[in-house]
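Grab a viewer and a cup of coffee. Here is a set of short exercises, each with a solution worked out step by step.

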Amino acid sequence: MLAPVSWIREYVELPDDVTTDALAARLTALGLKLEAISRTGEGITGPLVVGRVLTMEPEKQKNGKTINWCTVDVGDANGTGEPQGIVCGAHNFAPGDLVVVVLPGGVLPGGFAISARKTYGHVSAGMICSAAELGLGQDGDGIIVLPAGAGEPGDSAFGVLGLGEEVIEFEINPDRAYALSLRGVAREAALAFGAPYTDPVLRDLRTGEAADGTAYPVEVDDAAGCPVFVARLVSGFDPAAPTPAWMQRRLQLAGMRPISLAVDVTNYVMLETGRPIHAYDADAVRGTLRVRRATAGERLTTLDDTERVLSPEDLVVTDDSGPIGLGGVMGGASTEISASTTRVLVESAHWDATTMFRTGRRHKITSEAGKRNERGVDPTICAAAADRVVELLVELGGATAEPGTTYVGAPPAPATIPMLADLPARVTGMAVDADTTVAHLEAVGCAVSRDGDDLQAIVPPWRPDLSDPFDLVEEVARIVGYDAVPSVLPTPTAGRGLTRSQVLRRRVGRVLAGAGLVEVVSFPFTGEAALDALEVPADDERRDAVRLANPLAATEPLYTTTLLTGTLGAAARNTGRGAPGVALFETGAVAFASDVAAPLLGVDRRPTTDELEALLAAVPRQPLHLAVVLGGVRENAGWWGAGRAADWVDVVGTVRDLADELGIEVRVANDQRAPWHPGRCARVDVVTADGTLVPVGHAGELHPRVVARLGLPARTGAAELDLDVLLGAVPDAVRGPVFSTYPVAKEDVALLVDAGVAAGDVERALRDGAGALLESVRLFDVYTGTGVPDGRKSLAFALRFRAPDRTLAEGEAAAARDAAVAVAAERTGAVLRG
Amino acid sequence: MSGPNNSYDPVEVTPLKAEAVDAMREAAVAAIAAAADLGQLKQVRIEHTGDRSPLALANREIGALPPQARKDAGQRIGRARGEVARALAARQEVLEAEHEERMLVEETVDVTVATDRRPRGARHPLTTGAERVADVFVAMGWEIAEGPVIEAEWLNFDALNLGPDHPARTMQDTFWTSPPENHVVLRTHTSPVQARSMLTRTPPIYIACPGRVFRTDEYDATHSPMFHQVEGLAIDEGITMAHLKGTLDHFAAAMFGEGITTRFRPSYFPFTEPSAEVDLVCFVCRGTAVDEAGDTCRTCRGEGWIEWGGCGVVNPRVLVACGVDPERYTGFAFGMGIDRTLMFRHGVEDLRGFFEGDVRFTTAFGTEI
Ligand SMILES: [Zn+2]
């Protein structure tokens, strides 16, 4: 909302010493938030005057441009009274027009000093100005042509252009629609300074006497959608009558474009009162005006020349020809005011805000009228606003007011809100007594009756937003002043601290960062192409993504099912920016589609247990995942020697180390899954307390095609784990270990197995077979080559044995070793080597 | 080993003569003193104290002496050996010290060479920032509540007094999941977590809800379709706006330093009534609006205050929809952007830095902030 200060002051007698800054600050404290203060004509000094073009000679130039050599009457402003010779490149004017001239010695915004200078073969003594050159707008396609009668040649143009005007731009919250008018802003200014206020809709109207009778036949079929419809008619309107400069200026200052007198008047009255007005060319309207809901499929071409297919929820104004307007939102093209309109039918109607909101959204129309109608307008001022329009059309357009006013319907009764007088104090913590409460409610326009501690407040008609006692509390509080709210710390009961999951997630982050990985946060948006790039098969559950109805990018309509889309993207970005290696991790929720609809419940009570269950069941499953990507340089080369590139061992090792840090036992098995290398992919399972295996994710080297496609370093590896599962397996309390201090007995074995046998299986067999004396097993070498037959491999394990209560006797460790090898032989075909 | 031989004349046992022992001792001490390093000293030790050393050989002869002479000779030899041993130990100590000193010099390296064998890791500032916020509230006895980012429309909007036709819904441009008739959205704020908490817990409730949220904003230096919020909710008997102010003042001081307080401006949020915008004293100029050089403060653009978030008293309609008795309980709620808070706390000019994943951005913040 752009509010010219002079316009505000027209309705409120602010002391002269109230600066615009102070006014804006006080209004901000009351809830009309200052966005900006602008002052028109800032940077203009020296002679800026009204001039009348006497002659203009077009002269074609060698560069192809045509300039006009003009003589301009600037009165006595040039000291001689002689016409001023000025070269002008614009063409949107004619001899006789009033223009704005800056004379030599003047300075325009940006420090642009004007002097008489030789150009195009003439001495140009000044400049005819465009709005852009004066800093008044972006319209650079011509010079300003003032309305006839705007001033006399030689008059200062400052007043005519409204320069030096201060305009406050407010951000108006949805609940304060009344402040989308000068009437409302001035009311708040009066409240802020305790200054006398004149309500512009209550003044005597100079031509508003014809109140009785019917101006035009109107029928309202839907009184809920249109509670009040007022119509008035003027005839003999001069369609050529210009909008007076003062009105154009105020419209411009308020951010609206002057169009034609009839349209400008309706906009002016809307800004003044907050009540949107529609004007029809009465000669284009056929028969009775009717307000009804549209029928499905009905069509209407609106003022913006868009043909719209209507919904049965839209409110339309019709005549005998059908819909001629989208009520309260936008008029129709067929009855639009034109350059030949002489009879103007004025509509000032109150519309149902919800319908306005829905229609505006449905047809994607944002208009000044719709903005006000959907937030709520004072329903009691329809007639006053219509009268005001008529008054201005008569006064400025030479029209005659036709007798009668059509008034259909009645404004809804204002709400009465009961409230306990101490509620503001109880809610705000400020000391606010009952008298203060009553006084402040009255100050915002409420009629308050009081019976002991019980208050009844009838809200003013311009405040449809006030419906609950707490709304009234805010009104009282903002007048007392939010600065008066004391600062008191609440005293909660003892809290339980962070949850186990929250603590563990911090630990996961610290472990991985400590291992040299950098955390990234990616957008979860993805598309089929990204999943294709990862070679995720069509029947994979990761194709079962939540789809967005209105994605930002058509190529990314999905909420991702795998963090790798984002983390690998970040890896590729780092690689593309020259990082020699990437070591990244990311945690976040992924989601899987749900085809269950969520109920839309009522809000007047708590949902029942069943309703709540149904609601929560419809929310898509969103497990928390962890992704790890390691590729390129993992250890730098340096003066100490060669570096090392990351490989699958780093990835699987990172996962195992993380599990160890969390006290979780995991088991790793060979698996195949996109986007991993089919021969270098590990499925990771968590071993739960009862020994069952729960899948937690995959780790390994990425498929070389994926690596190449995404532009990652060769042999980049990745892991993706379900953190919910992983963290769920963390034991609550670790049991303190008991260990033996007797000597250890070491036994190494080298076993020959088929190349396809998993070392993990052999290790498990050794473990199972070695008995209670086994302390640890560790694979320390994998060998193929000389001495090992083709298709076989040699696995070398170090076994450590120890008894809890004694030194092992000669041969005990060897016997246990043999037992271990026997089980390995049985399960995996292992043969003791050499 | 010779047995006692009484027939020997003691003077005939030359090595045990005093002069001979003295000579051996002196030779040994001289050799010890002459040893230039630990290797030579080791050789000297063998030669003068070993089994074949003159003193050791002389010692063997004691048994050949008549008993009356043994004591003298024994003492003489013993004194000499003791003296040699002491000289050896002393020399050993000196030479070891010399050796150590020399080794330390020889082992000197250029400590300025690179030591970055392995690249460093880091946690994301949005993670550590949210943890810092959480710690402030946990220290006050609050708990940290979380919920799904893809959420039922009813929990994201309706339960929070944002009915389907509420104009404020257009203030939060929403990602809808397909089909929209399923009434599931990407949450536009973390408020549904508050609704879930009220629906599943019994007051008093003191929770902070950090998390990622989504709006259909185009991606630029100050807007992102995904960003992070922390919201707070307190529901208890006798809660007022004053408790809200106290909590936010404490939060501001914990995040930005002592003396950084807040101010309220009337505003509008459907979730709260009365509602307020909360501003923060600019922590750079501390409200003076000018920086150290006397120029307009860049952080607050000369306003002395920074817009921080929104807050207010929980609208009783929300309490009703979420099953909290509005006659018994009141509450307050607030919300602010974590990304935005970090942007001005750390002078980050472009929001996109948080989401690009460039490790140079993230590593600058280390593992805690
Ligand atoms: Zn500042």
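The exercises below go through a predicted model, starting with the contact between two chains.

**Exercise 1. Work out how many residues each chain gives to the contact between chain A and chain B, and how much area gets buried.**

Step 1: count by chain. Chain A puts in 100 residues and chain B puts in 107 residues.

Step 2: look at the area. Together the two chains bury about 8600 Å², and carbon and sulfur atoms account for 60% of that.

Step 3: find the top contributors on one side. Tyr482(A), Val521(A) and Phe523(A) supply 8% of the area that chain A buries against chain B, which is more than any other three residues manage.

**Exercise 2. Classify the ring pair formed by Phe525(A) and Phe214(B): stacked, tilted or edge-to-face?**

Step 1: put the pair in context. Over all chains, the count of aromatic pairs comes to 26.

Step 2: check distance and angle. The ring centres of Phe525(A) and Phe214(B) are 5.8 Å apart, with the planes at 70 degrees. Pairing needs centres within 6.5 Å, and planes over 60 degrees apart count as edge-to-face, so this pair is edge-to-face.

Step 3: place the partners. The pair crosses between chains: Phe525(A) belongs to strand 30 (residues 525–526) of chain A, and Phe214(B) to strand 4 (residues 205–214) of chain B.

Step 4: ask about cover. Phe525(A) is buried at a relative accessible area of 12%, and Phe214(B) is buried too, at 0%.

Step 5: follow the rings outward. Both residues sit in a cluster linked by ring pairs, whose members include Phe523(A), Tyr559(A), Phe175(B), Tyr219(B) and Phe365(B).

**Exercise 3. Find which rings have Arg187(A) and Lys245(B) over their faces.**

Step 1: take the arginine. Arg187(A) lies over the face of Trp462(A), 3.4 Å from the ring centre.

Step 2: take the lysine. Lys245(B) lies over the face of Phe264(B), at 5.9 Å from the ring centre. The cut-off for this kind of arrangement is 6 Å.

**Exercise 4. Decide whether chain B is a compact globule or more spread out.**

Step 1: list the parts. Chain B has 12 helices and 9 strands.

Step 2: compare radii. The radius of gyration of chain B is 43 Å, while the globule rule gives 21 Å for 369 residues; the value is well over the rule, so chain B is more spread out than a compact globule.

Step 3: look at the spans. Along its principal axes, the C-alpha trace of chain B covers about 135 × 50 × 45 Å.

Step 4: check the packing numbers. Of its 369 residues, 54% count as buried. Take the contacts between residues at least 6 apart in sequence: 67% of them join residues at least 24 apart.

**Exercise 5. Compare the settings of Thr40(A) and Glu475(A).**

Step 1: locate them. Thr40(A) is in the loop between strand 2 (33–39) and strand 3 (48–60) of chain A, whereas Glu475(A) is in helix 12 (residues 469–480) of chain A.

Step 2: judge the burial. Thr40(A) is buried at a relative accessible area of 15%, and Glu475(A) counts as buried at 1%. The limit for buried is under 20%.

Step 3: list neighbours, leaving out residues up to four places away in sequence. Thr40(A) touches six-residue company that includes Leu136(A), Gly162(A) and Leu253(A). Among the residues that Glu475(A) touches are Arg176(A), Arg463(A) and Leu466(A).

**Exercise 6. Pick out the unusual backbone spots in chain B, starting from the peptide bond between Pro203(B) and Pro204(B).**

Step 1: recall the background. Most residues other than glycine have a negative phi, and most peptide bonds are trans.

Step 2: check omega. The bond from Pro203(B) to Pro204(B) is cis, with omega near 5 degrees; Pro204(B) lies in the loop between helix 7 (191–200) and strand 4 of chain B. Glu273(B) and Pro274(B) are also joined by a cis bond, with omega about -5 degrees, and Pro274(B) is in strand 7 (residues 272–281).

Step 3: check phi. Arg286(B) has a positive phi of about 50 degrees, and Ala289(B) has one of about 75 degrees, although neither is a glycine.

Step 4: compare exposure. Arg286(B) is partly exposed at 45% relative accessible area, while Ala289(B) is buried at 16%.

Notes. Residues are numbered from 1 along each chain as its sequence is written. Chains are lettered from A and ligands numbered from 1 in the order in which they are written. This is a predicted model: local features need pLDDT of at least 70, side-chain atom pairs count only at pLDDT 80 or more; totals for chains, interfaces and linings use all residues. Side-chain values use heavy atoms; hydrogens and water are left out. Rings of Phe, Tyr and Trp (its six-membered ring) pair if their centres lie within 6.5 Å; planes under 30 degrees apart count as stacked, over 60 as edge-to-face and the rest as tilted. Helices (H or I, at least four residues) and strands (E, at least two) are DSSP runs, numbered from the N terminus. Buried means under 20% relative accessible area, exposed over 50%, partly exposed in between (1.4 Å probe, protein chains only). A charge sits over a ring if NZ of Lys or CZ of Arg is within 6 Å of the ring centre and within 35 degrees of the ring normal. The radius of gyration is taken over C-alpha atoms; the globule rule is 2.2 Å times the number of residues to the power 0.38. Contact means heavy atoms within 4.5 Å. Buried area is the accessible area (1.4 Å probe) that two parts lose on being put together, summed over both.
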